[in-house]
Each structure stands twice: as C-alpha cells, then as structure tokens.
Amino acid sequence: MRFEQWCEHETPAMTESTAVTHPIPDRHGQNLYTADAELQRLLQLYLADDLRRHMAPHFERLGGLAGGLLDELAGIADHHPPELESRTRTGLDVQRIVKHPAYVEMERLALSEFAMGSISHRDETFGWRGKMPPAVKYVLFYLFVQAEFGLCCPVSMTDSLTRTLKKFGDPALVARYLPRLVSLDFDELAQGAMFMTEQAAGSDIAATTTLARRGTGDHWLLTGDKWFCSNPDADFAMVLARVEGGPPGLKGVSLFLLPRRLDDGSLNHYRIVHLKDKMGTRSMASGEIRLEGAVAYLVGEQGRGFVQMADMVNNSRLSNGVRAAGLMRRAVAEAEYIAAERLAFGKRLIDMPLMQRQLDKLRVPAEQARTMVFQTARALQRADAGEDGAYALLRILTPLIKFRACRDARKVTGDAMEVRGGCGYIEEWSDPRLVRDAHLGSIWEGTSNIVALDVVRAIQREGSLPVLRAHLEALLADPAVTAVPAAFARALRETFDRAAALAETAAQAGGEVLARQAASALYHCTSAAAMAWEAARTDSADRMRWAQLALLHRALPRDPLSPDVLPAAWQDAPAAVAA
Ligand SMILES: Cc1cc2nc3c(=O)[nH]c(=O)nc-3n(C[C@H](O)[C@H](O)[C@H](O)COP(=O)(O)OP(=O)(O)OC[C@H]3O[C@@H](n4cnc5c(N)ncnc54)[C@H](O)[C@@H]3O)c2cc1C
C-alpha cells in the first residue's frame with residue numbers, strides 16, 4: 001500500500017465471523033501509557049507531583065500514538081529502508097538520503113512535538129517553565145521506543161551532541177549552533193550524529209587515523225574514512241580525528257564538530273559512500289563516510305577528544321539502556337495480552353501454570369531494567385547538579401544498565417515472540433522487529449565486553465564501588481520503607497557483598513576475565529534492592545515478588561535439580577523492624 005493510501009486507510013472493525021476464524025489476539029490500539037499501571041505507580045516515586053500531573057496528558061498522548069499510529073508508521077518504515085541518492089536526475093552530484101514519509105512523520109513526532117532531542121537543553125517545554133529532569137525525557141523515550149527503535153538513535157545522538165557541545169564547546173561555537181539544536185520547528189531544527197568508528201578503530205579508539213589539518217581561520221579540515229555513521233546526513237556530527245603531527249595513541253585524538261552544510265549553504269566536503277544493509281534499525285540510515293577536507297571546528301581541548309567524547313558516549317549508553325527497557329516492556333506487554341486473550345485446550349493461556357512461570361521470567365528482567373532506568377536518571381540529575389558522590393554512582397550505573405539490560409532485551413524479545421506462537425515469527429507482527437532491533441543494543445556504543453570493562457574502569461578510577469554500596473544501603477535504610485522482609489533485606493546485603501568482592505577481583509591486575517560476571521552480579525543486586533525499595537514505597541506485592549525473583553533466579557547460585565521456590569523466610573517480618 002502506498003503511503004497516501006495508507007494515511008486514508010482505517011483498520012476495518014472486526015466482525016464476529018472474522019473473530020471466530022482468526023482468533024489471534026491483537027493489542028494494536030491500546031494506550032501504552034494508560035495500560036501500564038506499574039509505570040504510573042513508579043512515576044509517583046520518581047517525579048514531583050506537580051510535574052507528573054503536568055506531563056500526564058503528554059505521556060498519555062504519546063502512549064496512544066505508540067500503541068497505534070506510531071506503531072504502524074514504524075512497521076512501514078521498517079519495510080521501506082532509506083535509500084542513498086547521489087545524483088539528481090539532471091546530473092548534479094547532490095547527495096540525499098531519501099527517507100520514507102512514515103519515517104519523516106516519526107521524526108516530526110519525536111523531535112518537534114515531543115522535543116525528545118532537545119528537552120534537556122530547553123528552558124521551557126510542554127509549557128513547563130524551567131529544565132525538565134532526565135526522568136521525563138526517559139519516560140518519553142521509554143514510550144516512543146515501544147513502537148520505534150531505529151529513530152531513537154538519531155534523537156538520542158541529537159540530545160547527546162548538544163550536551164557535549166554545551167559542556168566543552170567554545171562559547172562562540174555554542175552560540176552559533178545551539179539555537180537550531182534546541183528548536184522545535186521541524187523545518188528549522190537540526191539533528192546530530194557521531195562519527196567515531198573506523199575500519200580499524202571501533203572499540204579501539206586509539207587506532208583512529210582520520211586526520212585533522214588546520215584550515216585558514218577558526219576551522220580544521222578533516223580527511224579520512226568513517227566506517228559506521230548512523231544518521232549520516234545529520235546537520236551536525238561529533239567526529240574524532242587525529243591532529244596532524246600530534247602524539248600517537250589516545251592523546252593525539254581530538255573532538256570536532258562537523259556541519260553538514262557550509263556557511264554558504266553548500267554541502268560540506270564529505271560523501272556518504274554507502275548505506276549499510278542492516279539486520280535491525282532498518283528504518284534509519286547508517287552509512288560509511290569519506291571525509292575529503294571537510295570543514296570542522298575543534299570542540300574543547302586538543303588531545304582530549306576521547307575524554308570529551310566519553311561524556312557523549314555515556315549519555316548514549318544510558319539512552320541505550322532506556323531503549324532496551326522499553327523494548328522489553330513492549331515484548332512483555334504483548335505476551336501478557338496474548339496470554340490473557342488466547343485460548344488453548346479450552347483455557348486461557350494465562351491460567352496455565354507453566355505459562356505463568358514463563359511470563360514471570362520475562363517480567364523480571366524487564367522490570368529490573370525499568371527500575372535501573374529511573375535509578376540512573378536520578379543519579380544523572382544529581383550528578384549534573386554537582387551532588388557529592390553522584391558522578392561516581394552515575395559512572396557505574398550507566399555501563400551496568402547498558403551491559404545487562406541490552407543483553408536481557410535480546411532474550412526477552414525472543415522468548416516473548418514464542419508466546420504469540422507461530423504468528424510471533426511473522427513480519428506483520430511487532431515481534432520480529434523487536435528481536436532484530438534488540439540485538440543491536442549490545443553492539444553499538446560499546447560491545448558487551450567493552451562496556452563490562454567500563455564497569456571495572458569506574459571501580460578503578462572513580463571509586464564507584466563504595467558509592468554503589470552506600471546507595472544500596474540508603475535504599476534499604478529508607479525510613480519510609482517498612483515492608484522489605486528482614487530475611488530478604490539480609491540476603492540482598494549479603495549477595496551484594498559477594499558481588500562487590502567479585503568486582504574488586506575483576507578490578508585487580510589479571511582480573512578482567514571476570515568483568516562480565518561481576519557486572520551482571522552488581523546489576524542484579526542493585527536492581528533487586530531498588531525494586532524492593534520501590535515495592536515498599538508503592539505498596540506493590542507484585543514488585544516485591546519480582547525483586548525477590550531477580551535475586552533468587554539471577555544472582556544467587558541455584559541447584560538445577562531442585563524446585564526454585566522463593567524462601568519462606570523472605571515473606572516474614574519487615575527489615576525496618578528486624579535490621
Ligand atoms: C547498525 C550500527 C550502527 C552504528 N552506528 C555508529 C555510529 O553512528 N557512529 C559510530 O561511531 N559507530 C557506530 N557503530 C559502530 C559500533 O559502535 C561498533 O561497531 C562497535 O563499537 C564495535 O566496534 P567494531 O565493529 O570495530 O568491533 P571490534 O572493536 O573489532 O570488536 C570485535 C569484538 O572484539 C571484542 N573486543 C574488542 N576489544 C576487546 C577487549 N579489550 N577485550 C575483550 N573483547 C574485546 C568486542 O567486544 C567485539 O565482540 C554502529 C554499528 C552498527 C552495527
């Protein structure tokens with residue numbers, strides 16, 4: 001169906017006869033915000049009352065879109081990937097990425113209507129005076145990504161590029177480019193990208209070979225090849241390059257801002273030479289770029305490119321964790337819906353004990369990730385406000401969520417697909433797209449190994465482990481928390497001690513082989529403790545049970561030959577009484 005036809009097309013009402021012959025439950029049309037009671041409960045904890053009330057109608061609108069129109073647009077864009085046009089029909093060499101109108105409409109929703117790329121940098125958004133806390137931005141991403149994953153990369157890069165430019169850029173450079181980066185006018189606003197990876201320099205940034213030579217004036221000229229560039233026709237990109245004649249290794253790498261167009265409106269001197277044929281994120285273009293003396297501006301200090309870029313990458317890693325949490329939420333909610341509606345053997349799937357257990361196994365990692373999103377968002381807010389210890393906490397929570405939530409999303413989306421039965425494997429449903437997209441989270445912005453090693457680096461360089469321990473203690477000692485069973489709180493503390501000891505070993509010379517194991521253990525203990533805190537504060541028995549399952553199934557040793565039921569003692573007296 002062509003896009004224009006699709007716009008006018010309405011899903012026909014299901015008649016009784018089609019319902020009987022095609023009894024496949026379809027959740028399409030459900031509002032992903034109002035249907036998510038747990039999210040609304042959590043927002044009472046993580047957002048101030050006035051802000052939560054102010055944002056509720058916006059969350060509700062986005063939830064409605066994500067469960068309907070946005071989901072349809074995402075499906076269309078996934079099947080109509082962007083194409084690279086290098087010449088006009090009149091023979092002019094003008095490069096253009098031709099995006100499907102469905103993708104462009106999603107861009108408008110994300111960047112203009114919902115301000116997702118600029119909300120953290122604006123003084124007023126949605127009629128709310130003052131800066132929005134990161135939690136608001138991440139709720140928008142959490143809802144949006146349940147429909148569309150690919151576009152979230154450019155949107156997040158726009159946000160991260162703006163943050164890095166503001167933090168390190170020369171004030172004149174910031175003043176020149178910021179207005180377009182924070183604009184909500186769709187015809188005017190600018191998008192961001194980051195071009196780091198080269199053929200021989202992916203994880204190993206020190207191997208960067210792109211060269212920067214001084215131009216005449218305030219700019220530099222970049223030459224070289226960038227091998228993976230998502231959103232390659234973005235208005236601005238942050239690029240890593242090696243200043244000619246500089247020292248070898250990381251100390252020779254600097255950060256540059258690369259505009260797509262020069263001051264006279266002509267295209268800057270770089271070409272998109274190829275678009276990748278990707279397994280997932282098919283709606284969004286990722287390409288290869290050849291820099292041919294491209295005009296760029298130094299950002300921050302020469303030779304500090306890697307350190308400054310790390311700020312941008314960390315912001316994107318956190319966003320990746322949020323996206324993984326959103327993908328899992330979508331997968332779980334679909335599975336729960338199907339289980340409640342689909343009949344087999346004369347029963348609803350949800351009434352079958354083995355299905356109930358499988359659903360719990362999907363819910364636990366999805367809820368852990370959701371908790372870690374809010375915990376990390378809060379740490380980011382406190383770190384940006386300069387609160388003591390908050391940066392060290394953020395430095396470890398960010399790679400923890402990027403590592404574990406992105407890995408969990410692969411499994412959860414795959415296992416949720418099975419709940420839909422054969423239809424889960426069919427491209428008309430959301431499941432295959434979720435599975436394909438979920439696999440990318442663990443690869444880009446640092447592979448699992450690299451991000452697990454970053455957990456170790458946070459322990460070595462930022463002293464993050466004692467800060468994480470203090471954070472966990474503070475959660476369990478919250479005077480408002482009276483409902484965490486004492487034996488469970490004890491198990492949380494004891495397991496964290498063991499996880500921390502493992503992480504300390506991983507941080508010692510020769511210990512890096514333990515990095516992934518330690519990162520998983522820290523993630524499970526931290527998320528279980530935070531979920532217990534949330535459960536107690538929101539009086540949620542379900543959340544307490546998921547917290548307990550997270551510890552029992554994911555952190556503690558298990559005997560595969562015995563039934564793994566929750567220890568009876570974990571249901572007993574509250575910790576606040578027994579501590
Ligand atoms: C769809 C897509 C879009 C992308 N978009 C962008 C973009 O917009 N901008 C950008 O700059 N990049 C982008 N990337 C690149 C991405 O970030 C890199 O592919 C990724 O960082 C890995 O680098 P690499 O491919 O060179 O793999 P390598 O670095 O060669 O890694 C190969 C394997 O070796 C492992 N490894 C490497 N070092 C170590 C170590 N010290 N210890 C243990 N194991 C190690 C890795 O974990 C990995 O499993 C994109 C990638 C994809 C797939």
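In the predicted model, the ligand is surrounded by 21 residues, of which Met-196, Gly-202, Ser-203, Phe-228 and Thr-447 are the closest. Three elements each contribute two or more residues to this shell, namely strand S5 (192–195), strand S7 (220–230) and helix H14 (448–462). Among the contributors, S7 gives the most, with three residues. Classified by residue type, the shell around the ligand comprises nine nonpolar, nine polar and three charged residues.

The overall architecture was examined next. The protein contains 19 helices and 13 strands. Its radius of gyration is 24 Å, close to the 25 Å that the globule rule gives for 579 residues, so the protein is as compact as a globular protein of that length. The C-alpha trace spans about 75 × 65 × 45 Å along the principal axes of the protein. The domain assignment divides the protein into domain 1 (3–181), domain 2 (192–306) and domain 3 (463–579). Between domain 2 and domain 3, the C-alpha centres are separated by 43 Å. The bounds of domain 2, 192–306, take in the ranges of two elements of the ligand shell, strand S5 (192–195) and strand S7 (220–230).

Helix packing was analysed for helix H10, which is formed by residues 305–341. One partner of H10 is helix H12, formed by residues 390–419, and the axes of these two helices come within 8 Å and cross at roughly 25°. Angles under 35 degrees count as roughly parallel, and H10 and H12 are therefore roughly parallel to each other. Their crossing is left-handed. Grouped by class, the residues in the contact of H10 with H12 are 18 nonpolar, five polar and four charged.

A second partner of H10 is helix H11, which consists of residues 353–384. The axes of H10 and H11 come within 9 Å, and the crossing angle is roughly 150°. Because angles over 145 degrees count as roughly antiparallel, this value makes H10 roughly antiparallel to H11. The crossing in which H10 passes H11 is left-handed. Helix H10 thus takes part in two described contacts: with H12 it is roughly parallel, whereas with H11 it is roughly antiparallel.

Notes:
Residues are numbered from 1 along each chain as its sequence is written. This is a predicted model: local features need pLDDT of at least 70, side-chain atom pairs count only at pLDDT 80 or more; totals for chains, interfaces and linings use all residues. Axes are lines fitted to C-alpha atoms, for helices over the stretch in contact, and angles run from 0 to 180 degrees between N-to-C directions. Helices (H or I, at least four residues) and strands (E, at least two) are DSSP runs, numbered from the N terminus. Angles under 35 degrees count as roughly parallel, over 145 as roughly antiparallel, 65 to 115 as roughly perpendicular and the rest as oblique. A crossing is left-handed if the near helix is turned anticlockwise from the far one by less than a right angle, and right-handed if clockwise. Ala, Val, Leu, Ile, Met, Phe, Trp, Tyr, Cys and Pro count as nonpolar, Asp, Glu, Lys and Arg as charged, and the others, Gly among them, as polar. A residue is near a molecule or strand if its C-beta atom, placed from the backbone, lies within 6 Å of it. Domain bounds come from an automatic or database domain assignment. The radius of gyration is taken over C-alpha atoms; the globule rule is 2.2 Å times the number of residues to the power 0.38.
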